[in-house]
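Visitor: Please take me through this model one question at a time, with the reasoning spelled out.

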Amino acid sequence: MRIVVADDADRVAQEAAGIVERFVSASESPALGLATGGTMEGLFAELVRRHRRRGLSFGAVDAYLLDEYVGLDRCDPNAYRSVVHRLFACHVDLGIGSLHGLDAQAPDLGAECTRYERKVRAASIGLQILGIGSNGHIAFNEPGTPFDSVTRVVELSRQTRGDNARFFPADHSVPVRAMTQGIATILAASELLLMACGAGKASAVARAVEGPINDSVPASAVQLHSNVTLLLDPPAAQGLSASSPVGGNQILA
Ligand code: GLP
C-alpha cells in the first residue's frame, strides 16, 4: 500500500487528478470507478479544469458509480448520478451513455443490483476511486458488511445519515436505504485510490490501514488488495503511526 500525505486538501485533489489522468491517458477504453461525497468535489473540479485547460479527454472513458440512494427521484440534486453529472460529467467530453450507475427507480431493486453487479464485473474497473466514511465505510458498505458482499440494497447507519445530512436541505431527511457495490465488487478493480481529508477521517483511516482486517471497519478490506494508494491530507493522516507503518507502506510528506 502506498500512503501519500499531501500538503492540504487541494493538493490531495491535484495528486488524485494526476493518477486519474495517467490512467485515462494510458488505456484505450478506460473503465473508471467514481465515488461521491465532499472529498470528491475537489477532484472533479480539478479534472474539469484539466479538460478545459489541457484538453484532457474522457471521450473513451466509461465511468461507473459506486452507489446510489434509494428513495430520491432521478433528478433530485442529491441523487449521486445527478451529483456526478453536475460536478463532472456535464463539463467534460464523457460520451452520452458512458456514465453508469444504479437505477434506484427500478421496479425490482434486487434485480437492478444483479444487473449492475454483472455490468461492473464485465467492465473490469481499471481504477476505482474511493472515499471513506467516518465510521470506516466504503461506498455504502457499513460496518458489519462481509468482505464477500456484492451489489445490493443496504440500510444506512445513523452515523452515515448524520454525516451526509449536510448535503440535504433542512426539511429533507437523508434516505434510510441505498444501493451499493459490495466489498468484493470493489476489490475486483485492478487499482484502488482511496482519498480522505479532514480530522474527522483520522480514526477511520488509522483503523483501515493499521488496524486488524475485519468487517467492523469495511475500509480495512483495502489491505487485501495488492495495488492501493491512499491519498491523505495531514489532518486525515494524524492517527497513523508514521514511525511504525505496516509493512510495505510508504509515507511521503
Ligand atoms: C458517502 C459515499 C461514500 C463516501 C462517503 C464520504 O457515504 N457513499 O462513497 O466515501 O460519503 O463522504 P465525504 O467525502 O463527504 O466525507
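Visitor: In which loop is the place of serine 124?

Guide: This is a predicted model, in which local features need pLDDT of at least 70 and side-chain atom pairs count only at pLDDT 80 or more, while totals for chains, interfaces and linings use all residues. Residues are numbered from 1 along each chain as its sequence is written, and side-chain values use heavy atoms, with hydrogens and water left out. Helices (H or I, at least four residues) and strands (E, at least two) are DSSP runs numbered from the N terminus. Serine 124 belongs to the loop between helix 4 (109–123) and strand 6 (127–130).

Visitor: What is the phi of alanine 139, and of serine 124?

Guide: Alanine 139 is found in the loop between strand 6 and strand 7 (152–155). Neither residue is a glycine, yet phi is positive in both, near 50° for alanine 139 and, for serine 124, about 55°.

Visitor: Why is the chain described as being as compact as a globular protein of its length?

Guide: The chain holds 8 helices and 11 strands. For its 253 residues the globule rule (2.2 Å times the number of residues to the power 0.38) gives 18 Å, and the chain is as compact as a globular protein of that length because its radius of gyration, taken over C-alpha atoms, is close to this at 17 Å.

Visitor: Which residues come nearest to the ligand?

Guide: A residue is near the ligand if one of its heavy atoms lies within 4 Å of it. There are 15 residues around the ligand, and those that come nearest are Gly38, Thr39, Asp67, Arg166 and Lys201.

Visitor: How much of the ligand does the protein bury?

Guide: Polar contacts (pairs of N or O atoms within 3.5 Å) link ligand oxygen atoms to a polar side-chain atom of threonine 39 at 2.4 Å, to one of histidine 137 at 2.8 Å, and to a polar backbone atom of isoleucine 132 at 3.2 Å. Taken alone, the ligand exposes 390 Å² (Shrake-Rupley method, 1.4 Å probe), and of that area the protein buries 95%.

Technical notes: A polar contact is a pair of N or O atoms within 3.5 Å; within protein, one must be able to donate a hydrogen and the other to accept it, and residues adjacent in sequence count only if both atoms are side-chain atoms.
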